[in-house]
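Welcome, and please open your viewer before reading on. We will go from selection to selection, and each stop tells you what to pick and what you will find there.

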Amino acid sequence: MEKKRILSGMRPTGPLHLGNLHGALANWVNMQDEYDCFFFIADWHALTSDYEAPGAISGYVKEMMIDWLSVGLSPEKSTLFVQSHMKEHAELYLILSMITPVPWLERNPTYKEQIIQLANKDLSTFGFLGYPVLQAADIIIYKAHGVPVGVDQVPHIEITREIARRFNHLYGNLFPEPKAILTETPKILGIDRRKMSKSYNNAIYMSDNPDKISETVARMVTDPQRARKSDPGNPDVCNVYEFHKLYSEDKTVKDVNARCRAAKIGCVECKQIMAGNLAKFLEPIREKRAYYESRPDLVNDIINTGDEKAGKVVQQTMEEVRTAIKM
Ligand code: TRP
Ligand code: SF4
């Protein structure tokens, strides 16, 4: 049986952290055998909010591909490519913009929220309003059936379905209506217990070395009720303990839990143990990262190969689209 096609993208706005790894990338890696996977770096989408300083984006694109390869996304199994190299996305975006009612975009909850959250940027642009239309083009141009994303992206997939339906209604049935694929992911918070994010300065990065990890972990918020080592702690409300569950062996997790409740371990020691295990977990990723970092030509080749594979699909789809709209 032919594998179902899925597609997802990520905006290159900086190095990837543990939140990105557990929230998205680990899932993508696991889907590679079961699905025909297309994963791309959404650099045009990064431009919608970072248009004043586009210089950093191209560097982040390379870094992101290296991060992807380091965690096990494989150019043999999946099609890995860069959005702005596929000019056809822009052509389809233009055509979809003709049939997308503006109110669909204005009532998009993600749009309203981002305008408030990113108040330091002027996002009252046409491109930012049209963000979901470009995303719809990204998705349907591959006739993808599923889109693995986080819950925050569900409104965008909903708009994509509506746009696909409208296109099919107006010009003939060409596009499947894609579904969001939501997978349970471990909840991972930043060191201050807010959502892990580059802009909050609370992230641990996949590329961090053991010293950096220790430093950052040392700043983690623990059980806020626990002032001294002689006070019993509550692991259930402690973020460090959540990290233990992800990176330490079961035995250690149990041991930490019991000793914390009995005031037999201090937070400093507890953090050192966790930081060590986290560093061990990231070690193979860092090794692969070093491998690709020292081989920029190989990374470029991988991008070119992905671009070529994706290019064949988008050219074919655009032929069909042009026929459908009689242009
Ligand atoms: N908007 C997505 C995000 O911020 C990135 C993205 C762009 C995307 N195009 C896409 C995700 C197409 C899935 C499919 O995370
Ligand atoms: Fe958290 Fe560990 Fe401190 Fe307990 S000992 S409060 S689990 S950091």
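Which backbone nitrogen lies 2.9 Å from a polar atom of the side chain of Asp208? Select Asp208 and look around its side chain: the backbone nitrogen belongs to Tyr205. Keep in mind throughout that this is a predicted model.

**Stop 1: around Asp208**

With Asp208 still selected, trace the chain on both sides of the residue. You are in the loop between strand 5 (179-181) and helix 10 (210-218). Asp208 has a relative accessibility of 7%, so it counts as buried, the cut-off for that class being under 20%. Now show its contacts: leaving aside residues up to four places away in sequence, Asp208 touches Ile213 and Arg286.

Stay in this loop for one more pick. Asn201 is also found between strand 5 and helix 10, and its phi is near 55°, a positive value in a residue other than glycine. Asn201 is exposed, at 62% relative accessible area.

**Stop 2: ligand 1**

Next, select ligand 1 and display its neighbours. There are 14 residues around the ligand, and those that come nearest are His45, Tyr131, Gln135, Asp138 and Gln153. Sorted by class, this shell has 7 nonpolar, 5 polar and 2 charged residues.

Three distances are worth drawing here:

- From the side chain of Gln135, an N or O atom is 3.0 Å from a nitrogen atom of ligand 1.
- Gln153 places a polar side-chain atom 3.0 Å from a nitrogen atom of the ligand.
- For Arg11, the pair is an N or O atom of the side chain and an oxygen atom of ligand 1, 3.2 Å apart.

If you switch on a surface, compare the ligand with and without the protein: taken alone it exposes 370 Å², and the protein buries 91% of that. Colouring by secondary structure shows where the shell comes from, since strand 1 (5-10) and helix 8 (131-140) are the elements that give two or more residues to it. Helix 8 gives the most, with 4 residues.

**Stop 3: aromatic rings**

Now hide the ligand and show the Phe, Tyr and Trp side chains. The structure holds 13 aromatic pairs. Begin with Trp28 and Trp68, an edge-to-face pair with 5.4 Å from centre to centre and 80° between the planes. Trp28 sits in helix 1 (residues 18-31) and Trp68 in helix 3 (residues 57-71), so the pair ties together parts that are 40 residues apart in sequence. Both of these tryptophans are buried.

Then move to Tyr247 and Phe281, whose rings form a tilted pair: 5.0 Å centre to centre, with 55° between the planes. Here helix 11 (residues 239-247) supplies Tyr247 and helix 13 (residues 267-293) supplies Phe281, so parts 34 residues apart in sequence are tied together. Are these two rings' residues buried or partly exposed? Tyr247 counts as buried at 8% relative accessibility, whereas Phe281, at 34%, counts as partly exposed.

Before leaving the rings, select Phe38, Phe40, Phe81 and Tyr142 together, because they form one aromatic cluster.

**Stop 4: after helix 14**

Finally, go to the segment after helix 14 (296-324), where you will find Lys326. Although Lys326 is not a glycine, it has a positive phi of about 60°. Lys326 is exposed, with a relative accessible area of 74%.

Conventions. Residues are numbered from 1 along each chain as its sequence is written. Chains are lettered from A and ligands numbered from 1 in the order in which they are written. This is a predicted model: local features need pLDDT of at least 70, side-chain atom pairs count only at pLDDT 80 or more; totals for chains, interfaces and linings use all residues. Side-chain values use heavy atoms; hydrogens and water are left out. A residue is near a molecule or strand if one of its heavy atoms lies within 4 Å of it. A polar contact is a pair of N or O atoms within 3.5 Å; within protein, one must be able to donate a hydrogen and the other to accept it, and residues adjacent in sequence count only if both atoms are side-chain atoms. Accessible areas come from the Shrake-Rupley method with a 1.4 Å probe; for residues, only the protein chains shown count as cover. Ala, Val, Leu, Ile, Met, Phe, Trp, Tyr, Cys and Pro count as nonpolar, Asp, Glu, Lys and Arg as charged, and the others, Gly among them, as polar. Buried means under 20% relative accessible area, exposed over 50%, partly exposed in between (1.4 Å probe, protein chains only). Contact means heavy atoms within 4.5 Å. Rings of Phe, Tyr and Trp (its six-membered ring) pair if their centres lie within 6.5 Å; planes under 30 degrees apart count as stacked, over 60 as edge-to-face and the rest as tilted.
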